[in-house]
Amino acid sequence: MIELICASVLATVQDQGRFGSLKFGVGNSGAMDQLALAAGNLLLDNAVTDAAVELQVFPMRWRFHETTRFALTGADTRATLNGRPLPPWWVSRASRGDCLDLGRAVNGSRAYLCLPGGIDVPMVLGSRSTQLRGSFGGLDGRFLRQGDRFSAIRREDTGCVDIGVVPPVCSMPLGERGLTTVRVLPASEYACYHGASQAAFWACEWKITSQSDRYGYRLAGEPLLPKTPLEVRSHGIVPGVIQVPPDGQPIIQMRDAQPTGGYPKFGTVIEADLWRLGQAPIGTRLRFVEVTYDEAVAARAANQRWLQTVRRLVDVWAGRRLSA
Amino acid sequence: MNAVQDMTRHLPPAIDGGKLQITALGTSAMLLDVPGELGLLPQQKIWALARAVGCWPRIAEAVPGMNNLMLILSEPPSSHAEWLNLAEALRRAWEESEPLSLDGRVVDLPVIYGGEGGPHIADVMAHTGYGLEDIVAIHSAPLYPVYALGSHPGYCYLGGMDPRIATPRRKSPILDLPAGSVSIGGVQTGVSASAGPSGWNTIGRTEMTFFDHRRPSPALLQPGDLIRFHVQGIES
């Protein structure tokens, strides 16, 4: 069992998301960096779909009330276990009473604390992800608070420790260093915008404003102007859709986005790059690169290959352990 | 003759299937949209299409919107050519789909109009020129069909509002509108199912619970159901 010791905000329990309930008006939720969550789970021999704690405001402290393995992935938070530094994207073992401290995030903005078998919270509508608007899923459908305690689903656990992986931002870099770059497929209203706006969208750097969270990223930059005012009826949307409200400043829908929207759609950040957005800190800049559908599918396959590599590494380590 | 757009740069993956527009929402979803006036007949065809293609192995979920349908793909088509094949199959399914009358239940929602629970009814009066009682009479007269669910858990998009009480959305949204707020946004009306932000004009309040994740069917209403607003009181 682990306990959140210091006051923290905006931490939630998330798995890969809640699927199949859009027809009830229930959005996806799920980890903002699904690749980091999946890798953390694989490092602990979990299913990629198991739940972890998503952390996005630091510093924070956790106490372990029993001996367990854990994995930390996502943003590098200069974590220490009882003062001993831990590498990022790493599996460690904590003993009863140990304190895990996470410092200010560098190289990203969200970290994932994974436990063997995942975090033990009830499954609601097929997922353990927190549904904030509906107040269900995760821990009572809310952000974590000081004193919250969690158990791992798998209590007896003897797997590998002190193993890790190279983060995907290093093995799958994209664009200039220090400038988050994501690939975009144009969406249905793209052609309705002025050529100058289309050109500016690809050429400019977009600031991620402070009004950005798990629901969506509001960007600031050159306003995107339609040739004529657009009327769009409410329709389903998915995380990654870039909507343009009348002020011309785009909003990227993120994991807690509503399942429907009514603003014109300029493009969609491809599924394979949503994790990059999930790690882009507020106040930094963002760049869009246009891709074709086939390139978007290839990028998705590249992510799956990367996860396959993690899976193989963990198997190799487990095998060494057995033969040692 | 269908104009199929080429997948060159600057063009979204799209197929113009006669009347149905099919576009990509990235690689994970597709949007099928019926252009033209919003209406119940195209919506009944959308319901039929959702039912027909919802069980295709490729389709993880078919989600009706307002005269449109979003399809969540279990696995994206492996290439642009495959995407076009799927779009073509969807277009054929649309052409074969017959309006589906869902014969939903009629659900009565008792509403207290105006007062504390309807803080913007004065704005609707000012915009439309109608008095309080007229607005209540016009708003509570129709049977409103549930077209689709969306926005937040249990929320229903309704058709059938009398355009005489249409009122533009508010310039700045209300940040924490309580659950059960009955409101008007443009030509649409709806009832919020849980507290949250809204840009619509709130004219009344109902006590109904629209969503409970513990129920076997968590949403109270589904497409095809009909809502009748029953005047429980009018406060000025």
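Pro173(B) counts as exposed because 12 C-beta neighbours lie inside 10 Å, and a residue with 12 or fewer falls in that class. The structure containing Pro173(B) is a predicted model. In this model, 38 residues of chain A are in contact with 45 residues of chain B, and chain A is divided into domain 1 (2-171) and domain 2 (180-291). The points below treat two exposed loop positions, the fold of chain B, two of its helices, a strand group, and the contacts between domains and between chains.

**Exposed loop positions**

- Pro173(B) is placed in the loop that runs between strand S9 (156-158) and strand S10 (174-177) of chain B.
- Leaving aside residues up to four places away in sequence, Pro173(B) touches Pro197(B), Ser198(B) and Gly199(B).
- Trp200(B) is 27 residues from Pro173(B) along the chain, and 7.3 Å separate the C-alpha atoms of the two residues.
- In chain A, Ala47(A) is found in the loop between H1 and strand S3 (52-55).
- Ala47(A) has 12 other C-beta atoms within 10 Å and is therefore exposed.
- Ala47(A) and Gly117(A) lie 7.5 Å apart in space, C-alpha to C-alpha, although 70 residues apart in sequence.

**Overall fold of chain B**

- Chain B has a secondary structure of 4 helices and 15 strands.
- Along the principal axes, the C-alpha atoms of chain B fill a box of roughly 60 × 40 × 30 Å.
- Of the 236 residues in chain B, 45% are buried.
- When contacts in chain B between residues at least 6 apart in sequence are considered, 60% join residues at least 24 apart.

**Helix H1 of chain B**

- Helix H1 (residues 40-53) of chain B has 14 residues and should span 20 Å at 1.5 Å a residue, which agrees with the 20 Å between its end C-alpha atoms.
- The buried residues in H1(B) are Gln43(B), Gln44(B), Lys45(B), Ile46(B), Trp47(B), Leu49(B), Ala50(B) and Val53(B).
- The cover over the buried residues of H1(B) includes strand S5 (59-64), strand S6 (68-73), helix H2 (80-96) and strand S8 (144-149) of chain B.

**Helix H4 of chain B**

- Within helix H4 (residues 132-140) of chain B, the residues Ile135(B), Val136(B) and His139(B) are buried.
- These buried residues line one face of the helix, because they fall within an arc of 100° when seen down the axis of H4(B).
- Among the elements that cover the buried residues of H4(B) are strand S7 (106-114) and helix H3 (121-128) of chain B.
- The cover of H4(B) also includes strand S12 (188-191), strand S14 (201-205) and strand S15 (226-235) of chain B.

**Strand S11 of chain B and its partners**

- Strand S11 (residues 181-185) of chain B is mostly covered, with 4 of its 5 residues buried.
- S11(B) pairs with S14(B) in the antiparallel sense over 4 bridges, and Ser181(B) stands opposite Arg205(B) in S14(B).
- S11(B) also pairs with S12(B) in the antiparallel sense over 4 bridges.
- Thr189(B) in S12(B) is the bridge partner of Ile184(B).
- A hairpin is formed by S11(B) and S12(B), with 2 residues between them.
- Gly186(B), in the turn of this hairpin, has a positive phi of about 65°.

**Contact between the domains of chain A**

- The centres of domain 1 of chain A and domain 2 of chain A, taken over C-alpha atoms, are separated by 28 Å.
- Across this boundary, 19 residues of domain 1 of chain A are in contact with 15 residues of domain 2 of chain A.
- On the side of domain 1 that touches domain 2, the elements giving two or more residues are helix H1 (34-43), strand S5 (68-76) and strand S10 (106-114) of chain A.
- By class, this side of domain 1 has 7 nonpolar, 10 polar and 2 charged residues.

**Contact between chains A and B**

- The interface joins 38 residues of chain A to 45 residues of chain B.
- On the chain A side, strand S13 (180-186), strand S16 (235-236) and helix H5 (293-323) of chain A each supply at least two residues.
- H5(A) gives the most to the side of chain A that touches chain B, with 5 residues.
- By class, the side of chain A that touches chain B has 19 nonpolar, 12 polar and 7 charged residues.

Technical notes:
Residues are numbered from 1 along each chain as its sequence is written. Chains are lettered from A and ligands numbered from 1 in the order in which they are written. This is a predicted model: local features need pLDDT of at least 70, side-chain atom pairs count only at pLDDT 80 or more; totals for chains, interfaces and linings use all residues. Domain bounds come from an automatic or database domain assignment. Two residues are in contact if their C-beta atoms, placed from the backbone, lie within 7 Å. Ala, Val, Leu, Ile, Met, Phe, Trp, Tyr, Cys and Pro count as nonpolar, Asp, Glu, Lys and Arg as charged, and the others, Gly among them, as polar. A residue is buried if 20 or more other C-beta atoms lie within 10 Å of its own, exposed if 12 or fewer, and partly exposed in between; C-beta atoms are placed from the backbone. The arc is that of the directions from the helix axis to the C-beta atoms. The expected span of a helix is 1.5 Å times one less than its number of residues. Two strands pair if DSSP finds at least two bridges between them.
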